[in-house]
Amino acid sequence: MHPQLLSCQLPKPFLQLNGRPKYRLNQRRSAYLSSATYKEPISAEKQGWDLGRFFKTLYFFNGPPSPAKIVEFIIEKLSGSSPEESEKKMGTSDYVLVVGATGGVGRRVVNNLRKKGLPVKALVRNEEKARKMLGPDIELIVGDITKESTLVAQYFKGVKKVINAASVIIGPKEGDTPDRAKYSQIKGDSPEMVEYIGMKNLINAVRESVGLRTGKLLFGFEDDVVMGGVSESTFQIDRTGGEGGKPTGLFKGIVSTANNGGFTSIRTKVKNKVRKYELGNSHKELRDCFWHNLNFSSPVDLSAYDGFELRLKGDGRRYKLIVRTSTDWDTVGYTASFDTIGGQWQSIRLPFSSLRPVFRARTVSDAPPFNPSNVVSFQLMFSKFEYDGKLNPTFVEGPFELPLSTIKAYIKDPITPRFVHVSSAGVTRPDRPGIDLSKQPPAVRLNKELDFVLTFKLKGEDLIRESGIPYTIVRPCALTEEPAGADLVFDQGDNITGKISREEIALICIAALESPYACDKTFEVKSVVPFSEPFTVDPENPPPEKDYNIYFQ
């Protein structure tokens with residue numbers, strides 16, 4: 001044990017053996033020991049139990065299993081499925097959320113997603129209207145993007161992607177002409193409420209669910225503030241030891257195989273308090289290791305991501321990351337080992353699929369797969385043994401030191417859009433110098449009269465770009481009820497005018513969700529058919545399906 005760790009107020013080792021010889025497990029493992037590394041045989045001391053310390057430790061780790069947990073375990077074994085597996089069977093993940101689902105574009109998005117067999121949730125204000133329009137089998141979330149209190153986070157659980165077709169309602173004035181000479185007026189909520197404040201509320205509601213391009217920071221530094229609630233007395237903070245002289249965490253200690261070894265643990269961010277506890281010569285499966293443990297104050301949903309990424313300066317040794325999805329005191333830990341390169345800063349990615357269920361240093365074949373939607377803690381460990389009980393080939397006794405600057409959840413490459421937004425062509429034109437307004441669409445000419453609708457649409461776009469969510473912004477020209485299928489023009493710079501089918505825009509939005517070529521792009525789109533000419537499709541000879549990736553590229 002490191003001298004710093006000998007200050008534990010509880011003097012006796014935890015869970016000592018009473019009158020028993022060596023562990024049978026130790027005898028089995030002794031065949032693996034290298035004489036170059038391990039000088040002494042491993043054995044257990046014959047000491048008595050400290051019952052008081054046992055219960056104190058037990059309740060520190062949230063107490064023993066409750067009767068309800070025992071019943072749940074029995075039911076699980078009899079039924080052959082866990083709650084996590086049942087949730088998967090019910091299809092509670094990977095939804096596409098359609099916002100503005102009863103509008104002209106939104107309802108077409110819903111219909112086309114269903115044709116593709118994709119799970120859909122629709123955010124609507126009027127449940128009765130939506131049910132009549134979308135059918136009885138669509139899952140509805142009743143809420144209003146202009147009212148933040150209606151966008152409860154739990155409603156969006158399982159939502160991985162969003163298509164936002166919500167828009168301010170512009171209706172014709174009384175006595176308007178067919179060519180919209182008098183144009184129209186705002187009906188309902190103002191452009192500022194819908195296009196800007198509504199966008200802000202929507203982004204805040206789905207951000208955790210859909211994920212960020214740069215990942216979710218679990219431990220690290222933001223503006224010189226430690227993120228993750230570590231204790232500097234055990235997991236040290238080196239204010240200048242990171243890359244470029246920046247701060248970094250420092251995982252360090254001394255490991256020994258003497259007297260069956262030992263381990264130390266720190267628990268942080270439990271009810272906003274830093275708590276630490278030191279254990280030695282304890283569980284036979286937990287000997288000869290040194291770990292740092294981080295608990296989150298509440299479970300973290302990482303289902304939008306694909307794995308953990310550690311930024312560290314290696315020392316040539318192999319370490320383990322152990323992640324837990326339960327606060328129970330004695331539970332499965334999902335474990336992955338990783339090798340480091342001595343003296344080099346490196347990024348190490350551990351896909352969720354690489355995490356193996358381990359219980360008491362043994363893999364568990366019938367455990368459910370790792371569930372990233374309920375992460376409660378993770379541990380960084382340097383140990384003599386691998387997750388399967390074999391020896392760590394890089395293990396040596398003595399001091400170790402591993403600078404660790406960040407741990408975050410990441411989205412794997414290639415990244416595809418998680419938020420597709422239907423905006424409008426013309427949003428940058430009202431204040432553009434030198435533009436001939438007489439040649440512009442009515443919304444551009446009458447932006448001020450329409451309560452600056454295009455101005456607030458542009459501000460809403462900027463919120464998406466600044467959010468960190470992988471996005472696509474589609475700016476259609478004038479929308480029509482014509483069928484999809486016409487040849488298209490994609491452009492950037494906000495200069496084109498024309499028309500495009502709502503059905504075509506719906507198909508473009510759905511295609512963008514799966515295309516890395518559409519990620520983080522803003523573009524205008526119209527058909528090649530002039531506004532004055534109708535476009536029709538022969539049902540006996542429909543146009544071929546488009547490969548929208550060609551346009552996105």
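In which loop is the place of Pro-414? In this predicted model, Pro-414 is found in the loop between S21 and strand S22 (419-422). The peptide bond that joins Asp-413 and Pro-414 is cis, with omega of about -5°. Most peptide bonds, by contrast, are trans.

The secondary structure of the chain consists of 11 helices and 27 strands. Of the 553 residues in the chain, 49% are buried. Among contacts between residues at least 6 apart in sequence, those that join residues at least 24 apart account for 74%. The area exposed by the chain is about 27200 Å², of which carbon and sulfur atoms supply 51%.

Two further backbone features concern phi. Most residues other than glycine have a negative phi. Phe-452, although not a glycine, has a positive phi of about 60°. This residue lies in the loop between helix H8 (442-445) and H9, and its relative accessibility of 38% makes Phe-452 partly exposed. Asp-494 is likewise not a glycine and has a positive phi of about 60°. The place of Asp-494 is in the loop between S25 and strand S26 (499-501). Because its relative accessibility is 0%, below the 20% limit for burial, Asp-494 counts as buried. A positive phi is also taken by a glycine: Gly-135, just after H6, has a value of about 100°. At the start of that helix, H6 (residues 127-134), a side-chain oxygen of Asn-126 comes to within 3.1 Å of the backbone nitrogen of Glu-128.

Aromatic contacts were examined next. A search of the whole structure yields 16 aromatic pairs. In one of them, the ring centres of Phe-251 and Phe-400 are 5.2 Å apart and the ring planes stand at 65°; the pair is therefore edge-to-face, as the angle is over 60 degrees. This pair links distant parts of the chain, with Phe-251 in strand S10 (residues 248-255) and Phe-400 in strand S21 (residues 398-410), 149 residues apart. Phe-251 is buried, its relative accessible area being 2%. Phe-400 is buried as well, with a relative accessible area of 4%. A second pair is formed by Phe-490 and Phe-552, whose ring centres lie 6.2 Å apart and whose planes are at 70°, so this arrangement is also edge-to-face. Here too distant parts of the chain are linked: Phe-490 belongs to strand S25 (residues 488-491) and Phe-552 to helix H11 (residues 548-552), 62 residues apart. Both Phe-490 and Phe-552 are buried. Beyond individual pairs, a cluster is built by ring pairs that link Phe-251, Tyr-319, Phe-338, Phe-382, Phe-395 and Phe-400.

Aromatic rings also take part in arrangements with charged side chains. The charged end of Arg-349 sits over the ring of Tyr-410, 4.1 Å from the ring centre. In the case of Lys-121, the charged end sits over the ring of Tyr-95, and the distance to the ring centre is 4.6 Å.

Helix H9 (residues 453-467) contains Glu-461. With a relative accessibility of 0%, Glu-461 counts as buried. Its side chain makes a polar contact of 2.6 Å with the side chain of Ser-423. When neighbours within four places in sequence are left aside, the residues in contact with Glu-461 are His-421, Ser-423, Val-427, Ile-473, Arg-475 and Thr-522.

Another pairing across the sequence involves Arg-362, which lies in strand S19 (residues 362-363). The C-alpha atoms of Arg-362 and Tyr-387 are 6.2 Å apart in space, while the two residues are 25 apart in sequence. Arg-362 counts as partly exposed, at 31% relative accessibility.

Cysteine residues were considered last. The number of disulfides comes to 0, a disulfide being defined as a pair of cysteine sulfur atoms within 2.5 Å. Cys-477 is buried, with a relative accessible area of 7%. Cys-519 has a relative accessible area of 14% and is therefore buried, since the value is under 20%.

Definitions and conventions. Residues are numbered from 1 along each chain as its sequence is written. This is a predicted model: local features need pLDDT of at least 70, side-chain atom pairs count only at pLDDT 80 or more; totals for chains, interfaces and linings use all residues. Side-chain values use heavy atoms; hydrogens and water are left out. A polar contact is a pair of N or O atoms within 3.5 Å; within protein, one must be able to donate a hydrogen and the other to accept it, and residues adjacent in sequence count only if both atoms are side-chain atoms. Helices (H or I, at least four residues) and strands (E, at least two) are DSSP runs, numbered from the N terminus. Rings of Phe, Tyr and Trp (its six-membered ring) pair if their centres lie within 6.5 Å; planes under 30 degrees apart count as stacked, over 60 as edge-to-face and the rest as tilted. Buried means under 20% relative accessible area, exposed over 50%, partly exposed in between (1.4 Å probe, protein chains only). A charge sits over a ring if NZ of Lys or CZ of Arg is within 6 Å of the ring centre and within 35 degrees of the ring normal. Contact means heavy atoms within 4.5 Å. Accessible areas come from the Shrake-Rupley method with a 1.4 Å probe; for residues, only the protein chains shown count as cover.
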